[in-house]
Amino acid sequence: MSIPTDRRAARRTPRRPRSDAASFLAVSRRHPAGRRLLPGAALLGSLVLLAGCASVAPDGDAPPVRALLHGQPLLGDAQAQRQPDAASAAQAEALLTHPLDQEGAVRIALARSPRMQAAFAALQLSDADRAQAASLPNPVFTFGRLREGRELELDRLLSVNVVGLLTLPWRARWAGQRQEVARLDAAQAVLQLAADTRRAWLRAVAARQAAVYLRDARDAAQAGAELARRMHQAGNWSALQAAREQLQQADTDAQLARAEQAATASREALVRLLGLDAAQAARLTLPDRLPALPDALPDSAELQAQALRDRLDLRAARADAAATAEAQGLTRATRFVDAVELGITRNTTFANDGASDRSTQRGAEIGLPIPLFDLGQARGARAEALYLQSAARVRGVALAAISEVREAESARRQAWRVAHRYQAEVLPLQRQVNDEMVLRYNAMSASVWQLLAEARASARTVDAAMQAQRDFWLAEVDLQMALTGSSPAGLAALRSAEAAPALAGTATEGGH
C-alpha cells in the first residue's frame with residue numbers, strides 16, 4: 001500500500017531553519033538532475049578550494065609587525081619576540097653581567113616582558129579570526145530515515161552555503177583589513193612597551209642618583225648635629241642652636257628614606273617591565289649617572305608632517321575606516337534581499353508490502369524574503385553611522401597627533417633649556433662657591449657651620465640638575481612616541497568600545 005502524498009510530506013525530515021544571512025543549495029546524491037549538475041558542482045568545488053582555503057599565518061603574523069617597526073628610534077637595535085627562547089635568555093644573562101644601559105633594557109623587555117607576549121597573543125587571535133572569516137563553512141550532509149508500520153522513507157540532503165561562497169571575496173578582503181588594524185595595534189603595543197621601559201630606566205637611574213646625593217647631604221647633617229651636640233655639652237652653644245642642627249639631621253634622614261624607597265620602587269617597576277625573575281632581578285645593576293645632554297637639538301620644522309606620515313594610531317584609524325566602508329558596501333548590496341534559498345531534493349519511500357513498491361519525490365524550490373516590513377533602513381543607517389564614526393575618528397586622531405607633537409616638542413625644548421642651563425651655568429657656579437668656601441674655611445675666615453651648610457646646598461643643587469636632566473630624557477621619549485606611536489592613552493581611548501563588536505556584527509549579517 002502506498003502512502004498518500006500529504007502523509008509522506010508530513011513525515012519528511014524537518015527542514016533546516018532558514019537564516020537571514022545564509023542560503024543553501026541542496027543537491028541529491030542520486031537525483032538525475034544532480035548528475036547533470038556535476039560539471040557545475042565541480043566548478044563550485046574548485047572555487048571553494050581556491051577561495052575558502054584560508055589558514056592562520058605562520059609565526060603568529062609577527063613578521064609584518066616587525067616590518068612596521070623597522071627603524072623606530074624607540075626600539076634601537078632591539079627586535080620584538082613572540083615568546084622567550086634560549087637565545088633571548090642568554091642575551092639577558094649577558095646584559096645583566098654589567099650595568100644595564102637603556103638600549104639593553106629595551107632589548108630584554110622586547111624579548112621577555114609578559115606585555116610583549118600578550119600583544120602577540122592578541123595579534124594571533126585576530127589572525128585566527130581573519131582565517132575563520134575568510135573560510136567557507138563545511139558542507140553539511142543530512143540523512144533521514146523514517147518508518148511508519150512497514151513503510152520506510154529515506155531522505156538525503158547535501159547543503160552548501162551559496163551566499164557564503166558569493167560573498168567570500170568581500171569577507172576575505174574585510175578580514176584582511178581588520179588584520180591590518182590588528183598589526184598596527186600590535187606595533188603600537190610594542191612601541192608603548194619600549195617607551196615605558198625607557199621611562200622606567202630613566203626614573204630608576206635618576207632615583208638611584210638622587211639617593212646617592214641625599215646620602216652626602218645626610219652625612220653633612222649628621223656631622224653638624226654631632227658637632228652641635230658636643231658644643232652644647234661644652235657650654236659653647238645654646239640648646240636652641242643644637243636643636244636646629246638636630247632638626248636638620250632628622251629632616252635629611254626622612255628625605256633620604258623617601259628617596260631610597262623611591263629608588264626601590266623605580267627599580268622594581270623596571271624589573272616588572274623587563275620580565276625578570278627573582279634571581280635575575282638580584283643581579284640587575286644600573287649605571288651611576290644618566291646619559292649626557294646633547295649639545296643642541298635638531299630642527300623641528302618637519303615634525304608635524306612626520307607625525308601625520310608615521311603615527312601608527314593614525315594609520316590604524318585609516319585602516320579601520322576602510323574596513324568600515326567595506327562593511328557598509330555589503331550592507332547596501334544586501335539591503336532588500338539578504339538570503340536566497342535554492343534546493344533540489346529527493347525523497348524515496350519503500351512500501352515493504354511484498355511487492356517492493358517504491359515511490360520517489362523530486363523537486364526544486366527557491367525561497368526569497370519579501371521586503372514588506374523590514375526594508376533594511378535600520379541596517380543601512382547603522383552602517384552609515386559606523387562609517388561616519390570611523391571617519392570622525394580619523395580626523396580626531398590626526399588633530400590629536402599634530403597637537404601632541406607640538407606639545408611634546410615644546411616640552412622637550414624647554415626641558416633641554418633648563419637642563420642645559422644647570423649644566424652650563426648653575427653647576428659651575430656651585431662648584432666655584434664650594435671652592436671659595438673651602439678656601440675661606442682653610443683660611444679660618446669661614447666657620448665649619450658655613451661649610452656644612454654649603455655642602456647641603458650643593459647637594460640640593462646637584463639633585464635639581466639631575467632631575468632636570470631626567471626630565472629632558474623623559475620628554476625626548478614622549479616626543480618620539482608622539483611622532484611614531486600613539487597618544488599617551490593609546491588608540492583604545494579614542495576608539496568607541498562598541499565600534500569593533502558592532503563592525504563584526506555588520507560583517508556577520510552580510511556574510512553568513
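Before I show any helix pair, one convention: angles between axes under 35 degrees count as roughly parallel, over 145 as roughly antiparallel, 65 to 115 as roughly perpendicular, and the rest as oblique. Please also keep in mind throughout that what we are looking at is a predicted model.

With that convention in hand, let me start with helix α6, residues 102-112, which packs against α9 at an angle of about 135 degrees, the two axes being 9 Å apart. An angle of that size falls in none of the named ranges, and α6 and α9 are therefore oblique to each other. As for the sense of the crossing, that of α6 and α9 is right-handed.

Now let me turn to the other partner of α9 that I want to discuss. Helix α9 covers residues 168-234 and helix α10 covers residues 239-274, and their axes come within 7 Å of each other, crossing at roughly 160 degrees. Because angles over 145 degrees count as roughly antiparallel, α9 is roughly antiparallel to α10. The crossing of α9 and α10 is left-handed. If we ask what kinds of residues make up the contact of α9 with α10, they divide into 20 nonpolar, ten polar and ten charged.

Staying with helix α9, I would like to point out two of its residues, each of which has a partner far away along the chain. R173, which lies in α9, is partly exposed, with a relative accessible area of 43%. The C-alpha atom of R173 is 8.4 Å from that of E326, although the two residues are 153 apart in sequence. A200 is also found in helix α9, but here the relative accessibility is 8%, so A200 counts as buried. Between A200 and L474 the C-alpha separation is 9.5 Å, while along the chain these residues are 274 apart.

That brings us to the aromatic residues, and to the question of how many aromatic pairs the count comes to. The count comes to one aromatic pair, and it is formed by F472 and W473, in an edge-to-face arrangement with 5.0 Å from centre to centre and 65 degrees between the planes. Both partners can be described by their accessibility as well: F472 is buried, with a relative accessible area of 1%, and W473 is likewise buried, with a relative accessible area of 18%. For W473 the cut-off matters, because buried means under 20% relative accessible area.

Next, consider T484, whose place is in helix α15, residues 448-484. T484 is buried, at a relative accessible area of 5%, and the polar contacts of its side chain are worth going through one at a time. The side chain of T484 makes a polar contact with the side chain of Q72, at 3.1 Å. In addition, a polar atom of the T484 side chain lies 2.9 Å from the backbone oxygen of Q480.

I will finish with a backbone detail in the loop between α14, residues 377-442, and α15, which is where M444 is placed. M444 has a positive phi of about 65 degrees although it is not a glycine. Is M444 buried or exposed? At 76% relative accessibility, M444 counts as exposed, whereas T484, in helix α15, is buried at 5%.

Conventions. Residues numbered from 1 in each chain as written. Predicted model: local features only at pLDDT ≥ 70, side-chain atom pairs only at ≥ 80, totals over all residues. Heavy atoms only, no water. Axes fitted to C-alpha atoms, helices over the stretch in contact; angles between N-to-C directions. Helix = DSSP H or I, 4+ residues; strand = E, 2+ residues; numbered from the N terminus. Left-handed = near helix turned anticlockwise from the far one by under 90°. Nonpolar A, V, L, I, M, F, W, Y, C, P; charged D, E, K, R; others polar. Phe/Tyr/Trp six-rings, centres within 6.5 Å; stacked < 30°, edge-to-face > 60°. Buried < 20%, exposed > 50% of the residue type's maximum accessible area, 1.4 Å probe, protein only. Polar contact = N/O pair within 3.5 Å; in protein donor to acceptor, adjacent residues only side chain to side chain.
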